Amino acid sequence: MKLRDSRSFRPLRASFLSYKGLKVLWVLLLLGALLTVRPVSAAAHLVVSPQGPYRTIEEALRVAHDGDFIEVYGGTYHGNLVIDKAVTLAAAQTTEGERPVLDAGGVGTVVKVNVPHVTVRGFEIRNSGSEPDQDHAGITVNAPFAVIEQNRLDEVLFGIFVAQAADSVVRDNEITSQARFETGRKGDAIRLWYSPRVLVENNHVYQARDLVLWYSEGVHLVNNLIEDGRYGVHLMYCDNSLIENNRLLNNSVGIYAMYSRQVELRNNDLRGQRGPSGYALGFKDTDAVLAQANLLIDNRGGIFLDGTPFTPNSFARFENNIIAFNDIAVTIMPAVKGVEFSNNVFWENVEQMTVHGGGGKPTANMWQGNYWSDYDGLDADGDGVGDTPYISEKFFENMTDREPLLRALLYSPSAQAIEFAAASFPIVKPQPKFSDPQPQVNLPALPIESTRRSAGGMILTAAFLLALACGAFFIAYREKTMENKLAAPRDAEPVSPVQVSVRNVTKSYGKTAVLQDLSFELGAGRALALWGANGAGKTTLIQAMLGLVPFEGTIVIADQPVKSKGKQVRGRIGYVPQQVMFYDWSVQSTLQFYARLKRVSAARIETLVEQMGLTTHRAKAVSALSGGLRQRLALALALLSDPPVLLLDEPTANLDTQARADYVKLVGDLKQQDKTIVFASHRLEEVEALADEILWLDSNKSPRHLNLEEWRAQVAPMVELTLWLANGQRERANDFLNAAGWQSHLNGHGTIVIRTRAEQKLKALRTLASNGFIVDDFQVERQSEVE
């Protein structure tokens, strides 16, 4: 057989050799790659401190790889930090406990997280920008699986903004917004946006706007303390959400859910929601609601339901909740049906249930086995269930459902007469709003778990149980009931358009006329400054409004004439004189004494102690307080009964600059809460900060009733505006102002002084703000117009 020429095998041999060569090359490349990639266990530990090795966090991030641990020691790190690697950024644990500070200097967002699996832990984060349309925040998370924990966020517009960052964790943070803004202008403490399955736990949120959960299903909100905000928690399009073991105190609204399904609320404690609506729990167009073992205490409204449940086959169930001392326990829109209330405690609410606007069917919702403090039936067979149904059919309540203004007459002789007529004459028999066929006559077991995190809550629960065990329960709560009854006309009624009316008032001492034909009106949320020299009649007018001195003419306060109903009028006024005299008791004892006189609860004391900044001073003797703290205590006493009108007779006359500024801020906050304020003052900056109108009193001229612009033009043609600016901006701002034509100079106190006409000072502030300068504070002083 003839063999083939060996040349015929060459292409095959070449092909085989090429394949072997490529294989070897591939193995070599793979080995090289493995040698250059660090295993997960070899994550680097990078240290940032003012002494190095890395002096800025940005330096460490530039050399870091995913999975590295960056430890940051104390110091202030300026700028806007962007994290674009999956690292753990953590504050170093030191014996001094000093937190490293991340400070954006008032520009933009402090920290942005742009990649998954980032942890930010243990920092003080402050001074974000203040533009709400740009969402300036302390921390913005833009990627999933982030952990934001144990940070303190202060002077940031928004706190933690979690945007499209699923499966993240926000826990153990302390968050507050920028103090210079009123509540509606602040940012949200925590905002979730299209971020499902996020855990929000153990955070303390205060003096921010809202805690917002939007378009984020499967959210778990647990063990948070949320206080002094607008909406405590606002859910929208958040299906399968669980909210449990949270405390919400003194917000405008507690928890409000909208357009969501499967919302569960358990063991939450909601107290003191007292905004215009003031609901502890609110639901709009929400399905599959389950609310169990919650405490809803001392709110304007306990539960509000609109379009809930939203679909016919869905449900809304309220079980084992305590709903106590609210103005209205449950408010339902007329079309609501299918709600179930079972085994709840309804205790001493001013009104147990109202149908907003009237109407609705008594059988539209199910009420079964609840405990009612105003049930007057018997339990003859001792089975714990009333022998007759609990029926809500008070005729006057039917009237207030249709005409809410009539709530101003609750507990009045008129209301009692109407109820007597309804009971006596069947022609006016009221329409029942609902009935509970099996009311409990024994108080159900209380959900003590819901207050376990608070010593105060534990004491309250223990006292509650102890009172039930003995007859003292009824004595203790009779005082609270009386307080609610006395307060109900004021709390429940809509704000009157005119709270103070003074008509043709004249007051003379002998032949000397102090007030001459004085007239004005003042509405809710408005402030009138009494301006004039000593002896012009400012204090006399305040005394006349209190009914303490006789006068000619008419004064009406909160719809009560001073001359004929002086005692009732004084009950609706909070008064702070220039000189306040106290017994030498402690702050706490002083508040308790006057609260007892006014039949005010301990809860009101706690609210005012916090609001007035007296928490750390409550054990001190009054004689040991500074002038500013004494005036705060006087203001707290004036506010004990939550009066609609405040009369302040030069309360800051003897205070230093800082104490004066703090006091004015407190009064400004009260004005935002719809208090009507009349105050006497000699200080331009106080009038500028608080007054809507000015009454200029002069013993030699007729009184002048001026708006703010008219008063400015007359009282201070030229002013000196002293400005405190953010760090590092003073010299640049002064150069800018002079270049722009303002008369500006630096002084020796770290401030800028601008001399300008009174009507131009706000323009100066706006000019600085619009060009990026941050004015932390300012003071206005009158100057002579002549150089």
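Colleague: Happy to look at this with you! At what angle do helix α11 and helix α12 pack?

Modeller: Glad to help; keep in mind that this is a predicted model. Helix α11 covers residues 627-638 and helix α12 covers residues 657-672. Their axes lie 9 Å apart, and the two helices pack at an angle of about 15°.

Colleague: Is α11 roughly parallel or roughly antiparallel to α12, and why?

Modeller: The angle between them is about 15°. Angles under 35 degrees count as roughly parallel, so α11 is, relative to α12, roughly parallel.

Colleague: Nice. Is the crossing of α11 and α12 left-handed or right-handed, and which residues of α12 make the contact?

Modeller: The two helices cross in a right-handed way. On the α11 side, the contact is formed by G628, Q631, R632 and L635. By class, the contact has six nonpolar, two polar and two charged residues. Facing α11, the contributors from α12 are A659, D662, Y663, L666, V667 and L670.

Colleague: Let's turn to the strands. How many residues of strand β25 are buried, and why is that of interest for its surroundings?

Modeller: Strand β25 spans residues 253-258. The strand is largely enclosed by the rest of the structure, because the buried count is six of the six residues.

Colleague: Which strands pair with β25, and in what sense?

Modeller: Strand β22, residues 231-236, pairs with β25 over five bridges, and Y231 stands opposite V253 there. Strand β28, residues 279-284, pairs with β25 over four bridges, with A257 opposite F283. So the partners asked for, going by the bridges, are β22 and β28, and the sense is parallel.

Colleague: Thanks! Is A764 buried or exposed, and which residues does A764 touch?

Modeller: A764 sits in helix α16, residues 761-770. Its relative accessibility is 0%, so A764 counts as buried. I754 is ten residues away in sequence, with a C-alpha to C-alpha separation of 8.5 Å. Leaving aside residues up to four places away in sequence, A764 touches L721, W742 and I754.

Colleague: One more helix, please: which residues of α7 are buried?

Modeller: Helix α7 runs over residues 538-545 and is mostly covered, with six of its eight residues buried. Those buried residues are K538, T540, L541, I542, A544 and M545.

Colleague: And what phi does G547 take just after α7?

Modeller: G547 comes just after helix α7. Its phi is positive, at about 75°.

Note on methods:
Residues are numbered from 1 along each chain as its sequence is written. This is a predicted model: local features need pLDDT of at least 70, side-chain atom pairs count only at pLDDT 80 or more; totals for chains, interfaces and linings use all residues. Side-chain values use heavy atoms; hydrogens and water are left out. Axes are lines fitted to C-alpha atoms, for helices over the stretch in contact, and angles run from 0 to 180 degrees between N-to-C directions. Angles under 35 degrees count as roughly parallel, over 145 as roughly antiparallel, 65 to 115 as roughly perpendicular and the rest as oblique. A crossing is left-handed if the near helix is turned anticlockwise from the far one by less than a right angle, and right-handed if clockwise. Contact means heavy atoms within 4.5 Å. Ala, Val, Leu, Ile, Met, Phe, Trp, Tyr, Cys and Pro count as nonpolar, Asp, Glu, Lys and Arg as charged, and the others, Gly among them, as polar. Buried means under 20% relative accessible area, exposed over 50%, partly exposed in between (1.4 Å probe, protein chains only). Two strands pair if DSSP finds at least two bridges between them.
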